[in-house]
Amino acid sequence: MNELPSILTKKIIFKKFKLGKLINTSPFGWVYEGKNLVKNIPVAIKIEKTSNNNLLESEAYILMDIKGFGIPEIISFGKYGNFKILIEELLGKSIQILWNSCPYKKDPLGKNNIFMKDICLLAIQGIERLKYIHSKNVIHRDIKPQNFLIGRNNPNDIYLIDFLKI
């Protein structure tokens, strides 16, 4: 998807959220880092055109239903011009990005140098997140390393993102 239309760039959304740098794009919309100007905290701002498939609206309802540890906190949702906007807590990097940037994945002989303990801790938290959302009658349907992010304030906590109702 192309860069965000100029109507939203450098704007204040819902009178208290300022758009920052672009984090990610998808065929459905954009994800920006932003700032809550009232509480002075960073946020994630997801944006989609209103004419799209109401994916953000579905995700907002799912996030409201499954509030819990390891699930991003929804801060606000609504329409802004021709766009739907979901504001949620800003998280850290994805497991995929961390894995790709890990300089010690393999030594010169090809031996894996990532500690088995770390891999097991990631797997346990991932399974705990899935068990939790299943207890809330939600199926994720897009399990991949890009959808598991570390916590911004505590990098030992893993979060599951991108809840789309398809």
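These legends go with a set of close-up views of a predicted model.

**View 1. The sheet and its strand order.** Here we have an open sheet of 6 strands, and the pairing is antiparallel. Read across the sheet, the strands come in the order 1-2-3-4-6-5. Strand 1 (12-13) and strand 5 (74-80) sit at the edges with a single partner strand each, so one side of each has no neighbour in the sheet. As a bit of background, strands in a sheet pair through backbone hydrogen bonds, and they can do this in parallel or antiparallel fashion.

**View 2. Strand 5 meets strand 6.** Zoom in on this pair and you'll find antiparallel pairing over 6 bridges. If you want a landmark, look for G78, which stands opposite I85 in strand 6.

**View 3. Helix 1 on the sheet.** Helix 1 lies across three strands: strand 4, strand 5 and strand 6. Against strand 6, the helix runs at about 30 degrees.

**View 4. K46 and E59 join strand to helix.** The side chains of K46 and E59 make a salt bridge, with N to O at 2.9 Å. K46 belongs to strand 4 (residues 41-49) and E59 to helix 1 (residues 55-65), so this pair ties together parts that are 13 residues apart in sequence. Are these two side chains out in the open or tucked away? K46 is buried, at 8% relative accessible area, and E59 is buried too, at 2%. Both values fall under the 20% cut-off for buried.

**View 5. K46 again, now with E88.** K46 also forms a salt bridge with E88, where the closest N and O atoms are 3.8 Å apart. This one links distant parts of the chain, with K46 in strand 4 and E88 in strand 6 (residues 83-89), 42 residues apart. E88 is buried, just like K46. Pull back a little and there's a network of salt bridges linking K46, E59, E88 and D162. In general, side chains of opposite charge can pair when their charged atoms come close.

**View 6. A salt bridge between E128 and R129.** The side chains of E128 and R129 meet at 3.7 Å, N to O. Which of the two is buried, and which is partly exposed? E128 is the partly exposed one, with a relative accessible area of 43%, while R129 is buried at 4%. For the overall tally, the model has 6 salt bridges, and the E128 and R129 pair is one of them.

Notes: Residues numbered from 1 in each chain as written. Predicted model: local features only at pLDDT ≥ 70, side-chain atom pairs only at ≥ 80, totals over all residues. Heavy atoms only, no water. Salt bridge = Lys/Arg side-chain N within 4 Å of Asp/Glu carboxyl O. Helix = DSSP H or I, 4+ residues; strand = E, 2+ residues; numbered from the N terminus. Buried < 20%, exposed > 50% of the residue type's maximum accessible area, 1.4 Å probe, protein only. Pairing = 2+ DSSP bridges. Contact = heavy atoms within 4.5 Å. Axes fitted to C-alpha atoms, helices over the stretch in contact; angles between N-to-C directions.
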